[in-house]
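Visitor: Could you take me through a close look at one part of this model, where two helices pack together?

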Amino acid sequence: MLDYTVPLIILAFCLLTLRKKENTYDLLLQGGAEGLRLLVSILPALVVLLTAVQMLKASGAMALLSSLLAPVFGMLGIPPETAMLVLIRPISGSAALAVGADLMREYGVDSLVGRTAAIMLGSTETTFYTISVYFGAAGIKKTRYAIPAALFADLVGFCMASWTARLF
């Protein structure tokens with residue numbers, strides 16, 4: 001049934017527009033054009049974001065920063081081994097998945113570090129990616145308190161993930 005979901009949605013859309021006596025093809029073309037305009041508006045932010053992540057990883061800056069912040073994470077109850085994941089998750093989901101997979105491969109999926117990494121990946125967001133996509137799509141230039149609030153929510157998610165993994 002899941003294989004038929006998208007065709008059924010398109011069919012329902014077509015039947016609805018025919019019932020309203022609207023030009024279905026023109027509406028589909030308008031939607032496609034709007035999607036392309038949206039892509040053009042958010043693409044530069046995504047390219048810059050992904051390039052910055054790769055540059056930070058390639059230069060060793062992320063590894064240095066994670067080793068410097070490991071004591072702070074230890075005081076918050078976050079395993080210091082997950083410092084790289086905590087730093088990369090708000091920036092890039094795919095890079096965070098790679099770091100999480102490396103942690104699970106190195107420490108094991110049933111270890112405290114592996115369980116903590118899995119919970120962190122599931123309970124936090126790629127903040128900068130999400131804000132660039134959604135704010136870019138809405139045409140919002142000034143994020144005001146959205147980024148600090150989202151990063152604080154991520155920090156709470158990281159702490160709760162660590163505490164939950166220890167508790168259970």
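**The helix 5 and helix 6 contact**

Guide: Happily! Ala96, Leu97, Gly100, Leu103, Met104 and Tyr107 of helix 5 meet Val113, Gly114, Ala117, Ala118 and Leu121 of helix 6, where contact means heavy atoms within 4.5 Å. By class, this contact has 9 nonpolar, 2 polar and no charged residues; Ala, Val, Leu, Ile, Met, Phe, Trp, Tyr, Cys and Pro count as nonpolar, Asp, Glu, Lys and Arg as charged, and the others, Gly among them, as polar.

This is a predicted model, in which local features need pLDDT of at least 70 and side-chain atom pairs count only at pLDDT 80 or more, while totals for chains, interfaces and linings use all residues. Residues are numbered from 1 along each chain as its sequence is written, and side-chain values use heavy atoms, with hydrogens and water left out.

Two packed helices are described by the angle between their axes and the distance between the axes. Helix 5 (residues 93-107) packs on helix 6 (residues 112-123) at about 160°, with the axes 8 Å apart; the axes are lines fitted to C-alpha atoms over the stretch in contact, and angles run from 0 to 180 degrees between N-to-C directions. The two helices are therefore roughly antiparallel (an angle over 145 degrees). Helices here are DSSP runs of H or I, at least four residues, numbered from the N terminus.

Thr82 also belongs in this view: Thr82 touches Leu103, Val113, Thr116 and Met120, leaving aside residues up to four places away in sequence. Thr82 sits in the loop between helix 3 (61-76) and helix 4 (83-88), and counts as buried at 0% relative accessibility (buried is under 20% relative accessible area, with a 1.4 Å probe and protein chains only).

How values were computed. Angles under 35 degrees count as roughly parallel, over 145 as roughly antiparallel, 65 to 115 as roughly perpendicular and the rest as oblique. Buried means under 20% relative accessible area, exposed over 50%, partly exposed in between (1.4 Å probe, protein chains only).
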